[in-house]
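User: I would like to learn how to read the local and packing features of a protein model. Please take them one at a time, with the general idea and then the case here.

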Amino acid sequence: MRKGPLAIAGAAAGAEWGTLFGTVRDRLLAKKFAAVPLATAATALILLFSIVQHLPGGERFVTHIGVVKAALPLDVSLLRTPLSLYVPALDLPVWGALAQVFVVFGIAEIVLGRRLTLVVAYACTLAGTLFARVGVAIGPDHMFGFPKWVAHVRDTGPSAAVVALAICIAFRCRAWFTAGLVVALMVGEALVLPNLAGLEHVVAVITALLIAVSVEVFGDFWPRVLAGVGAAASVAAAASIEVATEAGRRRSAGAARA
């Protein structure tokens, strides 16, 4: 008996996403929201930053602790990069970022583990940040260069991390069609809209593939190394908050003396 189109589509979906669906479903049934504390915290941070940056004086505060631009000194960019992942764009609806982060971070937390999820998110965000600096430095005469004004564009948000995690999830679950589709969409975006965000997404895809292959080849060695990177990212985030707080105190003291 020949199978109908729906049966064929169902079989294909099961082969592609069956393992992923079963893993996520079992964990959520067992622990509910306790299964995804990282995704919950990341979503809450994005919502918090979205609210704060629309308050009087809030945009300046968020800028000082979490907004990255290629024009900034490298050390400042590195300090702000961990928090920049959670700073949504001012001109885009925040609900899109909230939904992306909660769903993709949640699945990644279950499938990849909390530690590797953080490392992939931060490493791919950092790769995009560094790529923007290189692009501005080499200039628009090169294929991957940018004009000087791009150095002053806000480079924040979770989109690069979301793309990278989607690649790593698909790689871990052997969902090859999904992985290929994500890669094709990101490359197509960069070709159709060759802007900073589009090219950073391609950089995130390349970085994610390198991490996924490295973890497959080297087993537990790289997760231990990457755990140290995650710890360093946490320290950098704490340091960026401290730097911003100290700068605020100095400005307040200077204003008082004036």
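User: Where is the place of arginine 174?

Analyst: One starts by locating a residue relative to the secondary structure. This is a predicted model, and in it arginine 174 sits in the loop between α7 and α8. Its relative accessibility is 39%, so arginine 174 counts as partly exposed.

User: What is phi of arginine 174 near?

Analyst: The sign of phi is the thing to read here. For arginine 174 phi is near 60 degrees, a positive value in a residue other than glycine.

User: How many helices and strands does the secondary structure of the chain come to?

Analyst: The count gives the overall class of elements before any detail. Here there are ten helices and zero strands. Read along the sequence, the pattern is α-α-α-α-α-α-α-α-α-α.

User: What share of the residues of the chain count as buried?

Analyst: Burial is read from relative accessible area, with under 20% as the cut-off. Of the 258 residues of the chain, 42% are buried by that criterion. A second whole-chain figure concerns contacts: among those with a separation of 6 or more, 74% come from residues 24 or more positions apart.

User: Which residues does tryptophan 17 touch, not counting residues up to four places away in sequence?

Analyst: Excluding sequence neighbours leaves the contacts that arise from the fold. Tryptophan 17 belongs to helix α1, and with that exclusion it touches Ala175 and Thr178. The C-alpha atoms of tryptophan 17 and alanine 175 are separated by 6.5 Å, although the two residues are 158 residues apart along the chain. Tryptophan 17 counts as partly exposed because its relative accessibility is 42%.

User: By what distance are the C-alpha atoms of alanine 15 and arginine 174 separated?

Analyst: A C-alpha separation can be set beside the separation along the chain. For alanine 15 and arginine 174 the distance is 9.4 Å, with their positions 159 residues apart along the chain. Alanine 15 also lies in helix α1, which covers residues 5-31. With a relative accessible area of 66%, alanine 15 is exposed.

User: Is serine 77 buried or exposed?

Analyst: The same accessibility reading applies to a polar side chain. Serine 77 has 1% relative accessibility and therefore counts as buried. Its place is in helix α4, residues 74-84. Leaving out residues up to four places away in sequence, serine 77 touches Val68, Lys69, Leu72 and Arg133.

User: How many aromatic pairs does a search of the whole structure find?

Analyst: For ring pairs, read the centre distance and then the angle between the planes. The search finds two pairs. One of them joins phenylalanine 131 and phenylalanine 146, edge-to-face, at 5.8 Å centre to centre with 85 degrees between the planes. Phenylalanine 131 is in helix α6 (residues 114-138) and phenylalanine 146 in the loop between α6 and α7, so this pair ties together parts 15 residues apart in sequence. Phenylalanine 131 is buried at 16% relative accessibility, and phenylalanine 146 is buried at 4%.

User: Which residue forms an aromatic pair with phenylalanine 171?

Analyst: The partner is tryptophan 176, again edge-to-face, at 5.3 Å centre to centre and 90 degrees between the planes. In this pair phenylalanine 171 is buried at 17% relative accessibility, whereas tryptophan 176 is partly exposed at 48%.

User: At what angle do helix α8 and helix α9 pack?

Analyst: For a helix pair, the inputs are the angle, the axis distance and the handedness. Helix α8 (residues 176-192) and helix α9 (residues 196-218) pack at about 150 degrees, with axes 8 Å apart. That angle makes α8 roughly antiparallel to α9, since over 145 degrees counts as such. Their crossing is left-handed.

User: Which residues in α8 meet residues in α9?

Analyst: On the α8 side they are Val183, Met186, Val187, Glu189 and Ala190; on the α9 side, Gly198, Leu199, His201, Val202 and Val205. The residues of this contact divide into seven nonpolar, two polar and one charged.

User: At roughly what angle do the axes of helix α3 and α4 cross?

Analyst: They cross at roughly 115 degrees and come within 7 Å, with α3 spanning residues 58-66. Thr63, His64, Ile65 and Gly66 in α3 meet Arg80, Leu83 and Ser84 in α4. The division in this contact is two nonpolar, four polar and one charged.

Technical notes: Residues numbered from 1 in each chain as written. Predicted model: local features only at pLDDT ≥ 70, side-chain atom pairs only at ≥ 80, totals over all residues. Heavy atoms only, no water. Phe/Tyr/Trp six-rings, centres within 6.5 Å; stacked < 30°, edge-to-face > 60°. Helix = DSSP H or I, 4+ residues; strand = E, 2+ residues; numbered from the N terminus. Buried < 20%, exposed > 50% of the residue type's maximum accessible area, 1.4 Å probe, protein only. Axes fitted to C-alpha atoms, helices over the stretch in contact; angles between N-to-C directions. Parallel < 35°, antiparallel > 145°, perpendicular 65-115°, else oblique. Left-handed = near helix turned anticlockwise from the far one by under 90°. Contact = heavy atoms within 4.5 Å. Nonpolar A, V, L, I, M, F, W, Y, C, P; charged D, E, K, R; others polar.
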